[in-house]
Amino acid sequence: RAKEEHGNAFQFYSREMSEHALERAELESALRRALERKEFELFYQPKVDTRSGRIIGAEALIRWHHPERGMVSPTRFIPMAEEIGLIVPIGEWVINTACAQNKAWQDAGLPPISVSVNLSARQFNQDDLVDSIASALESWGLDAKHLQLKLTESMVMNSAELFITKLQELEDLGVQLSLDDFGTGYSSLSYLKRFPLHQLKIDQSFVRDIVTDADDAAITSTVTSLGHSLNLKVIAEGVETEEQVAFLREHQCDEMQGYFFSKPLPARDFASLLRKH
Ligand code: C2E
Ligand code: MG
Ligand code: MG
């Protein structure tokens with residue numbers, strides 16, 4: 001009897017496993033066709049200048065409209081795309097779409113802003129990354145200063161020297177470089193000093209409780225002063241409340257981004273927000 005139960009449990013377990021594997025395989029093969037089927041879209045979340053309250057930029061965030069499942073979160077499919085190498089063509093699509101969109105807004109007479117895009121580690125490590133960014137800027141006629149690249153500490157892991165060389169090349173191109181999710185990885189302060197960066201982004205996990213948690217408050221204000229002493233602009237993400245805004249203003253954080261101002265929006269909605277502004 002016990003053995004039987006055990007057997008059933010095992011069967012059940014392995015059926016669950018294979019359903020999971022099947023689901024994953026299906027998602028993977030749908031992902032492989034998503035680019036040509038034009039199922040991706042970029043949403044744009046405003047970035048606000050703390051002092052003036054003006055929208056000075058937007059972060060482009062990818063969305064996947066799966067034909068049957070509806071919207072699939074990037075936290076689900078980006079790691080998958082990274083694993084199977086698809087992140088490279090998807091990442092190129094993101095850069096091209098963001099550059100084309102930003103240029104189209106400028107041509108439509110909207111105030112010029114910078115659009116930032118997230119790079120993945122695998123994409124960053126491609127030999128032709130710098131060329132492909134240069135050619136996207138050139139083919140859309142976008143001034144490099146209006147493109148910001150979001151880098152993460154995970155890109156430094158292999159070799160700091162290679163990382164710095166590449167950052168230098170990107171800086172020579174004139175694009176803005178922002179270190180994303182700051183504080184969640186392994187960045188060493190001695191590296192930070194040597195990176196040709198323009199901006200540090202304080203991760204939303206620190207911002208979330210700045211009003212109630214003394215440690216998070218201390219981290220946020222310390223990272224802000226650290227950034228400023230290294231001549232970097234500092235941006236906080238995940239800003240949701242008036243109290244967080246007040247804290248960040250008081251501690252002279254330069255830029256803010258989060259649901260308090262706006263969720264990520266489809267391009268058209270972002271443009272009307274920018275126009276009204
Ligand atoms: P991330 O770069 O840290 O982006 C911020 C995430 O926080 C976004 O989630 C955004 O919608 C969300 N967010 C913004 N404001 C708030 C807020 O006030 N509160 C809270 N709780 N969340 C907020 P999303 O769009 O689901 O993206 C998740 C992650 O997927 C991103 O995290 C980024 O790592 C990755 N990702 C998104 N688009 C791309 C892309 O085009 N390329 C690459 N490589 N990764 C991307
Ligand atoms: Mg990011
Ligand atoms: Mg983040």
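Helices and strands here are DSSP runs, helices of at least four residues and strands of at least two, numbered from the N terminus. The model shown in every view is predicted.

**Figure 1. The whole protein chain, with its 11 helices and 10 strands.** Taken along the principal axes, the C-alpha atoms fill a box of roughly 70 × 50 × 45 Å. The chain has 277 residues, and buried residues make up 45% of them. Among the contacts with a separation of 6 or more, 67% are between residues 24 or more positions apart.

**Figure 2. The site of the magnesium ion (ligand 2), with N118 and D180.** The ion is coordinated by the OD1 atom of N118 and by an OD atom of D180, at 1.9 to 2.0 Å. N118 belongs to strand β4 (residues 114-118) and D180 to strand β6, so the pair ties together parts that are 62 residues apart in sequence. How accessible are N118 and D180? N118 has a relative accessible area of 32%, so it is partly exposed. D180 is buried, because its relative accessibility is 4% and buried means under 20%.

**Figure 3. The site of the magnesium ion (ligand 3), with D181 and E237.** D181 gives an OD atom and E237 an OE atom to the coordination of this ion, at 2.2 Å. D181 lies in strand β6 (residues 176-182), while E237 lies in the loop between β8 (233-236) and α10 (242-250); the pair therefore ties together parts that are 56 residues apart in sequence. D181 is partly exposed, with a relative accessible area of 27%. E237, at 11%, is buried.

**Figure 4. The magnesium ion (ligand 2) and the magnesium ion (ligand 3) in one view.** How many Å separate these two ions? The distance between them is 4.5 Å. Strand β6 has a part in both sites: D180 in β6 belongs to the pair at ligand 2, and D181 in β6 belongs to the pair at ligand 3.

**Figure 5. Helix α5 (residues 129-140) beside helix α6 (residues 160-173).** The axes of these helices come within 10 Å and cross at roughly 15 degrees. That angle makes α5 roughly parallel to α6, because angles under 35 degrees count as roughly parallel. The crossing of α5 and α6 is right-handed. Which residues meet in this contact? From α5 come L129, V130, I133, A134 and L137, and from α6 come K166, E169, L170 and L173. Of these residues, 7 are nonpolar, 2 are charged and none is polar.

**Figure 6. K38, a residue with positive phi in the loop between α1 (2-34) and β1 (40-49).** The phi of K38 is about 55 degrees, although K38 is not a glycine. Is K38 buried or exposed? K38 has a relative accessible area of 72% and is exposed.

**Figure 7. Q252 in the loop between α10 and β9 (255-256).** Q252 is a residue other than glycine, and its phi is positive, near 60 degrees. The relative accessible area of Q252 is 56%, so Q252 counts as exposed, the cut-off being over 50%.

How values were computed. Residues are numbered from 1 along each chain as its sequence is written. Chains are lettered from A and ligands numbered from 1 in the order in which they are written. This is a predicted model: local features need pLDDT of at least 70, side-chain atom pairs count only at pLDDT 80 or more; totals for chains, interfaces and linings use all residues. Side-chain values use heavy atoms; hydrogens and water are left out. Donors are N, O and S atoms within 2.8 Å of the metal (3.2 Å for Na, K and Ca); water is not among the atoms, so sites may look incomplete. Buried means under 20% relative accessible area, exposed over 50%, partly exposed in between (1.4 Å probe, protein chains only). Axes are lines fitted to C-alpha atoms, for helices over the stretch in contact, and angles run from 0 to 180 degrees between N-to-C directions. Angles under 35 degrees count as roughly parallel, over 145 as roughly antiparallel, 65 to 115 as roughly perpendicular and the rest as oblique. A crossing is left-handed if the near helix is turned anticlockwise from the far one by less than a right angle, and right-handed if clockwise. Contact means heavy atoms within 4.5 Å. Ala, Val, Leu, Ile, Met, Phe, Trp, Tyr, Cys and Pro count as nonpolar, Asp, Glu, Lys and Arg as charged, and the others, Gly among them, as polar.
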